[in-house]
Amino acid sequence: MTNRDMEAIVDTSDEWIVQRTGIRQRYVAGDDETTASLGEAAARAALANGGLTPADIDLVICATSTPDNTFPATSVNIQNRLGMNHGFAFDVQAVCTGFVYAVTTADAYIRGGLAKRVLVIGAETFSRILDWNDRTTCVLFGDGAGAIVLEATEGEGTVADRGVLTAHLRSDGSHKEKLYVDGGPSTTGTVGKLRMEGREVFKYAVGMITDVIQAAFDSTGTTADDLDWLVPHQANRRIIDGSAKKLNIDAAKVVITVDLHGNTSAASIPLALATAAGDGRIKKGDLVMLEAMGGGFTWGAVLLRW
């Protein structure tokens, strides 16, 4: 759905959307598609890319704020769709930071010896919780899914190791009213619609994002110069550019897909990874920073070697 398509739905314009967000188009799930079906497709693509099958996976983690059902977890649905009746699966809900939380959780399970290979999925159908009469939010979000596989390997315990090197997670529930959905099983008994105070979110975003990225640099003794790629949550081009500039990260090292996908919440980072790895930008051995901020507020960063 292009910005021109949006002009036919609400009082907006392509120029306004691009200038303020960098978004040019987004994808909307079809009537026959769900978060689980999108997640399954992403999972199969990740497995095929790694030369793996569902039998090789011990754990499935799905980061989503738009599950198929209140329960069971969407990850269990995806597990079933993949033909898996072994291992275990659960969802992670941290809104736009969900994928960063999920990668961190997968890393902890691997380090703890509870899983050898973890399928980590970010999948969303945000179009189902949008108020299509609210021009301040409906133009921002899209649907999609992406996935990666993390596996246990022996390393030397240095920043030259492949995999997750460090992770830094934060949350502050006092900001709930700035970005939330106005419904839920225990409050309204309904799904609800997304509500956002855009200026307030923007005001906090750059500071929170740079905080966790700097923490990742400090804990590993690395700097912006060492980084090969920054893969940020794709919410707003101005937030992405502002964060990179504040940290002196070369703009050429920043993966941008917000123009193609819009804000797909927990799916945005794996979609960006799939795009950049697929076109050859991200290569084996590259130092990659993932970062996100979402409702709650939640925010976090993961530094990994591809």
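Start with the whole protein chain of this predicted model. Its radius of gyration is 18 Å, which agrees with the value near 19 Å that a compact globule of 306 residues would have. Turn the C-alpha trace along its principal axes: the spans are about 55 × 45 × 40 Å.

Switch to a cartoon view. The protein chain shows nine helices and ten strands. Among contacts with a separation of 6 or more, 72% join residues 24 or more positions apart.

Next, show the surface. The accessible area of the protein chain is about 13600 Å², and carbon and sulfur atoms make up 49% of that area. Of the 306 residues, 53% count as buried.

Colour the charged side chains. There are 28 positive and 38 negative ones in the protein chain, and the centres of these two sets are 3 Å apart.

Now select residues 90–173. UniProt, in an unreviewed entry, lists this range as "domain: Beta-ketoacyl-[acyl-carrier-protein] synthase III N-terminal". Strand makes up 36% of the range and helix 17%, while the C-alpha atoms at its two ends lie 23 Å apart.

Finish at Thr-2, in the segment before helix H1 (3–7). Is Thr-2 buried, partly exposed or exposed? Its relative accessibility is 31%, so Thr-2 counts as partly exposed, since buried means under 20% and exposed over 50%. Add Ile-23 to the selection: 21 residues separate Thr-2 and Ile-23 in sequence, and their C-alpha atoms are 9.0 Å apart in space. Then show Arg-24, Gln-25 and Arg-26, which Thr-2 contacts when its neighbours within four places in sequence are left aside.

Note on methods
Residues are numbered from 1 along each chain as its sequence is written. This is a predicted model: local features need pLDDT of at least 70, side-chain atom pairs count only at pLDDT 80 or more; totals for chains, interfaces and linings use all residues. Side-chain values use heavy atoms; hydrogens and water are left out. Helices (H or I, at least four residues) and strands (E, at least two) are DSSP runs, numbered from the N terminus. The radius of gyration is taken over C-alpha atoms; the globule rule is 2.2 Å times the number of residues to the power 0.38. Buried means under 20% relative accessible area, exposed over 50%, partly exposed in between (1.4 Å probe, protein chains only). Contact means heavy atoms within 4.5 Å. Accessible areas come from the Shrake-Rupley method with a 1.4 Å probe; for residues, only the protein chains shown count as cover. Lys and Arg count as positive and Asp and Glu as negative; His and the chain ends are not counted. The place of a charge is taken as NZ of Lys, CZ of Arg, CG of Asp or CD of Glu. UniProt positions are given in the numbering used here, feature names are shortened, and annotations may be inferred rather than shown by experiment.
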